[in-house]
Each structure stands twice: as structure tokens, then as C-alpha cells.
Amino acid sequence: MRCLVSHLPIGYNFFNLHKSFFIAIFFLIFAFPVFGQANVSVPVDDPVYRILEIAELRGLCSELSKLKPYTQKAVMELLKEIESNNVDAKRPLNRIENEILQDSIKRFTKSEKKIDLKHLTINVHRTTPKGIEINAQAGAGLDTTLSGAYYFQENKFYPGMNIEPKFNFSSDIGGNFSFAAGISGNIIYANRIFLGEYNVHYDGFEGSSTEPIKYTNTYLQPKAFFPYSYRPKWDGIVWNIGGVNNADFLAWPHDFSIGYGTTAELAGTVLHDIIFIRAGRFRREWGAMSEGSSLTLNKNAQPFWGVDLNIEAASWLRIASLTGILEYYSAEGTSTSSATFQNAYSLSQIELNYKSYLSFNFGTACVWPKRFEIGYLIPLIDKHFYQMAIGDFDNLAEYANLKVQYPGVAKLWGSFFLDEIDPSEKGVFKMDRSLFAYQAGAVINIPGLAFSTLSFMYTKIEPYCYTHKNIITPWYGDSLMEEGFINHGEPLAYYLKPNSDELKAIFAFMPKSNIKVNAAYQLIRHGADYGSNAPDGSSYYSELVGGGRSTTPALKKYFLHDGAYQWNHIVRATCEIAIPNTSFSFTTEAGVSHSYFTDIETAANSGTSSPYKKINTAEYPRSTGLIFTLGIHLNP
């Protein structure tokens, strides 16, 4: 930067530099036309990603990018690649699989109808006098989810619902620039039960002027839905039905409420698709070796505004960066809550692939209080080393993912997320100050059944992982700023809370082109984040104290043996049915959730390992529920 500025004319300021930069990018986007489908994204929960993942497992397409969402153009190219490779494949698609593939190709083919009643869209095609082709589409949709659960111990039924009408608009200008915008409304009911307060440090912590004793409210997840499955569908805040004013700003729809949601993006390619630039607000997933598995930026995370830069330098090398602005959770009002949560989020990732056999990606992630910080925006600068040069005010992490695959048979992967560690200390992995998460998984192809797999995954989130001690930063005065890996009060990474683990098995198949079925079992264990015997480091709002982190006995790790832990056994089956030749689909899900606690006879966080046993108390009760969900979807 010093050399560049020294050659600028006198009076040339940074505003002019930024303006010139964006003019150059704009010129590049339009100077290199690439004809094809739209560059707007395909939402990360679209079912086409499962088809692509299985096709990759079968060796029918090239190694998939670990940066989602993909563009519509990229999805169509992959579907066409699968169709082409299927001709000479050793294990070709069967009749049902080929029908599924052709249905997907049709779905991503641009409609030539001006009014398409099948997809509830209006389509406009025109060519400007200068020969620039413009395609635009407007559509409407509706997602309705009705859920309910009956719990035997309470003899009580809990209802839940979300009705979400949606409207969207998208357009291609030329062959390589696209934009899209969407807005939705929400009628929501997802009541949560208040459980109690949780010490964000640990019991026995005495506090100080810079680290005061603090408690956070803990709520049970909405009982009308399967544990760890509910995702907020609204942006910012909600209002009680019947009162829409500033006094009725609510953080959560404990009663029948209304809300809204927005998405938008600008996207374009440069240098014949080598460089892809996108800015917008939508859900993303980075680094996942299987759909929904990312320990860094998961598809279940709430959307946020960000700018993505992806460079496909070669078929085996991809370089990417992302910087965005995280959204606060309005637990104490729109001003009080946001005053301590003013965070940006940056990621840089390098991906290496060897044919269809080996894939490896690694990168750095950072949550940092907003300021003009250039270094975090550069893809090839390691954020950890950069922080060493500018001061310790941010929450840094490193991550890596490795996958090995034998096409047509199975894939195995391992993931590691490192939040904080001091490897010079003896026994560091036994102390809470080692903040990390890891995962191992396998997906096995099942021959004979259409797009069928059997997958297994184990995930462990260590205490305090994804959290950060609230810190005073020079540019925000005396306010203690929050810096956890959270967005809108929800995790940015995997959906488990700190001090948790999960064993999951899923069987999935498609008996017909319009029917998708899966059955799943989960065992989730999590340190209680409320009550008299809660182990430390079990909440996203936990704070690891500054002094004595390597010596304080209370900060030793003894998973399951240092306090009360909740065990969740979850069994469920899901079926999705699409009505042929329409935009309607239905989803039904039914299953059982059985929950209980174990506890030790001594006090939590005592610094020793103690035997545990099952308990059933008013504070930590057993719970068994039958849960059923019905979804009705109308999507363009």
C-alpha cells in the first residue's frame, strides 16, 4: 500500500482510490462476458445439494467446492456434467436416479414463458440496442410449518408454527452479472421455557473490575420442535400480533408474533469465471465435507451481510475470503443489546483437491469489533499472525478439513476447529483454556437404491469453544464487547453448544423422483447451562477468565464427570413429497425425543473427576415426547 500511494498524484485521496477500485471491478465484470445461467445463489437448504453430494461420492462429477451456496449456473453445469459422465460410467444411474437428475435439470432451466403458472413466476427477456441480454424473474412462494409435541411426564401438548409468505426478484444483466432480492413475512409461535441463570465464568469466581461476575438467562429450546432443530426465520426482532410499535420490540416469539425476513445479493464473474465476487445477505456454508457438517460456518447459521471473493486458480486449487457484519440479538432492547455487540466476521480458506480421491481445505476465521481493518479482508494473510502485529482485541481461530474417498463406495473425513490453545504448557489439553472442536464422519453409498446413503458422524465441542472473554476495545470506550462466534444469538458454526458431543446416524434414499425419505438417530450430550450443578464453559455466553486459566482447578476438563449433563436420544423419520408438475411439496416428520440428566455427587467444577449416575429431579427432570411436524411448501 505504501508503494502504491507514493505514486498517486498529489490530492488523490482514499475515496478516489476506492472509487477507482470499484470502477475497475465494474469494468471487468462487463468486459468479459460469460454466457450461461444466472449467478444468483441456490439456497444452501435446496435438495439439489444432496443429489450433487451423492453424485460426487459416486464419481459422476468433479470434486465439489466447499464454498456454498453455489450459483444457479454452477449447479446446472454440475448437473450436465453428471448427465454426460453417466453415459460411460462403471456404475451408471438407474432409472429412478436418471428421472431425479432430469427433473433437477428442468428445474434449473430458465423458463421461456412470460407467465409461468407452474412455478408462479413472471419472466422477462429482452436485448438492449447494444446487444446486452437481460433476463428478469419475479416470483412468490409460501412456506408453512406446523409442529407439535406431547410430553408424557407433563401430560401436556406444546404447539409451534411458522407461516412465511415470500416474494423475490432476480435478474441477469449480460452473461456474467446478476442480482436478486427477496422479502418474506412471518407469523410465528415458538414458545420457550425459562430455565434459570447461568454463571458465565464458573461457580467460585470472585470477579474484578475488568471481569465482573455476570449471569445470563437460559431458555429451553422450543419444545414443539425436535431438539437442536429450530432455526429462527425472522430478521432482527418480532412483534406481538396486535401491537407493532417500538415498545413491542421482542427478541423471541414466546407468543403469537409477526416478523419479516430479507435476502439480497449482487454477483458477478471476472476473467471467464476464474474470479467470482458476490455481496449479499443469505445463508452460507464453508469447509463442510458433508452437507451441514461445518465446524466453521454452518448452513444452519443465521444469514448476515457479507462480501465473498472466490478464486478458482486451477481445477485443484480454490482460494476464498469472506467478510461480513454480524447481527446482534435483541435480548435487552435494540439499543442496549447492540451496544456491546458490534462485530464483523472474516474467513479465508484455501482448498486443495486431488481428482476424486482426496480433498483438503484449511483457513482462518475471526470475529472482530467493527473498525477499518484492512488486513482481515485479504485472503492470503493469516489472521492469527496479523493480530500479533495489530494487538490482541479479536477472537481468532484456525480450522482444517480432510476427506478421503473411494468413488462409488464411501468417503471418510475429519474436521478440526482451533479457537485457542497454548501448546507450550504441560497438560494443556486437560485444561479449559484449550478451546477446540473436532469431528469424524463417514458416508457409505448403498448400491441398488436410488441416491441412497448411510452416514455416521461424531462431533465434540470442548468447553468455552466459540466463546470469548468480553473485552474493552480502545475505539468503543469502556464498554465490554462480546466476541463469541454467534450471529443473531445463534451459533455461526455447528449447532451444538460448547461442552457437548453428538453421535449421529442417518439413512437416506429416494424411492421415486418426487419422494425423499430419511431416518436418523442422534445422541447429544451437553453440560447443563443452568441450575445448581452446571459445569463451566457450557454456554455461548461463557467467558474464560484472564488469569489462572492454566492452573485453576475449576478449569480442568472432565466431560460428563464434572457436573450435570443432559442426554438427548432422538429418533425421527422424514418424508418429503413433491407434487409432479407443480411447485407444491409436503414434508412430514415424526419421532421421539427422550431426555434425562446425569450428575455427580460432589459440586460441579471441583477440579476432580467424579462418577456420575442418572437423576430425575425437579431441577433436572426426565422428559419423553412424541413430536410431529408438517410442512407445506410452494416455491418458485
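**Note on the predicted model**

1. Thr 629 is buried, since its relative accessible area is 12% and the cut-off for buried is under 20%. This residue sits in strand S30, which covers residues 623–634. The side chain of Thr 629 makes a polar contact of 2.9 Å with the side chain of Ser 147. Beyond four places in sequence, Thr 629 is in contact with Thr 145, Leu 146 and Ser 147, and also with Thr 587, Thr 588 and Glu 589. The model is a predicted one, and this applies to every point below.

2. Gly 591 belongs to strand S28, which spans residues 584–600. With a relative accessible area of 16%, Gly 591 is buried. Its contacts, leaving aside neighbours within four places in sequence, are Phe 226, Val 571, Arg 572, Gly 625, Leu 626 and Ile 627. As a distance for checking the overall layout, the C-alpha atoms of Gly 591 and His 125 are separated by 47 Å, and these residues are 466 apart along the chain.

3. Arg 278, in strand S11 (residues 275–282), deserves a look. Arg 278 is buried but has no salt bridge. The nearest side chain of opposite charge is that of Glu 265, at 4.2 Å; a salt bridge is counted within 4 Å, so this pair does not qualify. The side chain of Arg 278 does reach the backbone oxygen of Pro 69, at 3.0 Å. Not counting residues up to four places away in sequence, Arg 278 touches Ser 41, Pro 69, Thr 71, Glu 265, Leu 266, Ala 267, Gly 306, Val 307 and Asp 308.

4. Pro 69, whose backbone oxygen takes part in the contact with Arg 278, follows a cis peptide bond. That bond joins Lys 68 and Pro 69, with omega about 15°. Pro 69 is in the loop between strand S1 (67–68) and helix H4 (72–85).

5. Two residues other than glycine have positive phi values to be checked. Leu 560 has phi of about 75° and lies in the loop between strand S26 (515–527) and strand S27 (565–578). Asn 581 has phi near 65° and lies in the loop between S27 and strand S28. Are these residues buried or exposed? Leu 560 counts as buried, at 6% relative accessibility, whereas Asn 581 counts as exposed, at 64%.

6. The largest nonpolar core has 50 residues. Those with the most contacts inside this core are Leu 297, Tyr 345, Phe 417, Tyr 466 and Phe 485. Elements that give two or more residues to the core are strands S4 (133–151), S14 (317–325), S15 (343–354), S16 (358–369), S17 (395–406), S18 (410–420), S19 (435–445) and S20 (453–461). A second core, separate from this one, has 25 residues, including Leu 60, Leu 78, Ile 82 and Leu 101.

7. Strand S20, one of the contributors to the largest core, pairs with two strands. S19 and S20 run antiparallel and are joined by nine bridges. Nine bridges also join S20 to strand S25 (residues 500–512), again antiparallel. Which residues stand opposite Thr 459 of S20 in these pairings? Gln 439 stands opposite Thr 459, and in S25 the bridge partner of Thr 459 is Glu 502.

How values were computed
Residues are numbered from 1 along each chain as its sequence is written. This is a predicted model: local features need pLDDT of at least 70, side-chain atom pairs count only at pLDDT 80 or more; totals for chains, interfaces and linings use all residues. Side-chain values use heavy atoms; hydrogens and water are left out. A nonpolar core is a set of buried Ala, Val, Leu, Ile, Met, Phe, Trp, Tyr and Cys residues joined through side-chain atoms within 4.5 Å. Buried means under 20% relative accessible area, exposed over 50%, partly exposed in between (1.4 Å probe, protein chains only). Helices (H or I, at least four residues) and strands (E, at least two) are DSSP runs, numbered from the N terminus. Two strands pair if DSSP finds at least two bridges between them. Lys and Arg count as positive and Asp and Glu as negative; His and the chain ends are not counted. A polar contact is a pair of N or O atoms within 3.5 Å; within protein, one must be able to donate a hydrogen and the other to accept it, and residues adjacent in sequence count only if both atoms are side-chain atoms. Contact means heavy atoms within 4.5 Å.
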